[in-house]
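Hello,

Here is the structure I promised to pass on. Please load it first; my notes follow below.

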Amino acid sequence: MKKIFTLSMMALCAMGLWADEVTDVISGETVEFTTKYEEQTWVGPSGATYLITAKYDEEDDGTISDVPQFKASKGGIVTTVSPGLVKNVTVEYKKSNESLIVRGSNEPFTTSTGNITEGTELGIIEYEKNATVSFDVEGEWQYVGLAATNENDKAFKFISISITWEKNADGISAVEAAANEVPVYYNLLGVRVDNPSNGIYIRCANGKSQKVILK
């Protein structure tokens with residue numbers, strides 16, 4: 001029988017102490033776009049799964065733009081699988097007719113094909129020509145949705161969109177860990193241990209954590 005001796009209380013689970021930040025970059029170099037609005041699935045380096053509906057513009061002379069774009073009514077970017085908590089969204093602008101709305105949710109988004117209203121509007125990343133504009137996300141949101149403003153249903157154009165996530169060591173967000181009723185154990189390096197034996201561990205359950213000795 002294992003005896004657990006409580007050494008100290010910490011906010012490990014609720015605060016996401018074992019956290020790393022990983023950034024996904026959505027651009028023409030990382031995602032394949034065509035000249036049609038078609039929803040596609042893309043998995044970023046963070047492990048987040050995105051639904052993306054955007055396209056390249058075809059000019060009157062037949063040349064293809066290398067700047068992705070989408071409209072409020074026809075496209076957007078949302079996440080359906082979360083690696084943690086979204087912390088920042090940064091847009092690299094060139095020339096755009098619209099700005100970018102940032103939406104947060106703790107439930108997966110369902111579509112990126114336009115008129116995105118799921119979740120809560122967190123703010124707008126205002127367009128600035130040839131500028132990189134950063135938006136820090138306040139609160140704890142596991143999913144992010146990005147939609148164009150709709151001044152005249154014109155195109156939101158971007159060079160790149162960078163989304164930074166806070167991950168803990170095993171990819172479970174602080175919100176998920178806090179809600180976990182089944183004890184989860186980590187070693188002192190922050191690595192999850194499924195079957196802990198004798199030693200010192202961090203025990204997480206019900207949003208609380210303890211440093212414990214298992215014998």
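Start in strand β11, where Gly 145 is the bridge partner of Val 78. Keep in mind that this is a predicted model.

**The sheet**

Val 78 belongs to β6, and β6 is joined to strand β11 (residues 143–148) by two bridges. The two strands run antiparallel. On another stretch of pairing, β6 (residues 76–81) meets strand β4 (residues 49–54). Five bridges hold that contact, again antiparallel. Two of the residue matches are easy to find. Thr 49 has Val 81 in β6 as its bridge partner. Tyr 50 stands opposite Thr 79 in β6.

Now zoom out. These strands are part of an open sheet of six strands. The order is β3-β4-β6-β11-β8-β9, and the pairing is antiparallel. Which strands sit at the edges? They are β3 (38–43) and β9, each of which pairs on one side only. Direction ignored, neighbouring strands of this sheet are turned by 25 degrees against each other on average. As background, strands of a sheet pair through backbone hydrogen bonds, either parallel or antiparallel.

**Aromatic rings**

How many aromatic pairs are there? The count comes to eight. One of them is Tyr 93 with Phe 156. Their ring centres are 5.9 Å apart, with 85 degrees between the planes. That is edge-to-face, because the angle is over 60 degrees.

Tyr 93 lies in the loop between β7 (85–92) and β8 (100–105), while Phe 156 is in strand β12 (residues 156–157). The pair therefore ties together parts that are 63 residues apart in sequence. Are the two residues buried or exposed? Both Tyr 93 and Phe 156 are buried.

Phe 156 has a second ring partner, Phe 158. Here the centres are 5.6 Å apart and the planes are at 20 degrees, so this pair is stacked. The cut-off for stacking is under 30 degrees. Phe 156 and Phe 158 are both buried.

Which residues make up the cluster around these rings? Phe 70, Tyr 93, Tyr 127, Phe 156 and Phe 158 form one aromatic cluster.

**Loops to check**

Two asparagines have a positive phi. In general, most residues other than glycine have a negative phi.

- Asn 115 has phi near 50 degrees. Asn 115 lies in the loop between β8 and β9 (120–125). Its relative accessible area is 57%, so Asn 115 is exposed.
- Asn 130 has phi near 55 degrees. Asn 130 lies in the loop between β9 and β10 (132–136). Its relative accessibility is 56%, so Asn 130 counts as exposed too.

Ser 197 is the last stop. Ser 197 lies in the loop between β15 (192–193) and β16 (199–205). With a relative accessible area of 46%, Ser 197 is partly exposed. From Ser 197 to Ile 213 there are 16 residues in sequence. In space, the C-alpha to C-alpha distance between Ser 197 and Ile 213 is 9.5 Å.

**Where to look**

For the sheet, begin at Val 78 and Gly 145. For the rings, begin at Phe 156, which pairs edge-to-face with Tyr 93 and is stacked with Phe 158. For the positive phi values, go to Asn 115 and Asn 130.

Best regards

Conventions. Residues are numbered from 1 along each chain as its sequence is written. This is a predicted model: local features need pLDDT of at least 70, side-chain atom pairs count only at pLDDT 80 or more; totals for chains, interfaces and linings use all residues. Side-chain values use heavy atoms; hydrogens and water are left out. Rings of Phe, Tyr and Trp (its six-membered ring) pair if their centres lie within 6.5 Å; planes under 30 degrees apart count as stacked, over 60 as edge-to-face and the rest as tilted. Helices (H or I, at least four residues) and strands (E, at least two) are DSSP runs, numbered from the N terminus. Buried means under 20% relative accessible area, exposed over 50%, partly exposed in between (1.4 Å probe, protein chains only). Two strands pair if DSSP finds at least two bridges between them. Axes are lines fitted to C-alpha atoms, for helices over the stretch in contact, and angles run from 0 to 180 degrees between N-to-C directions.
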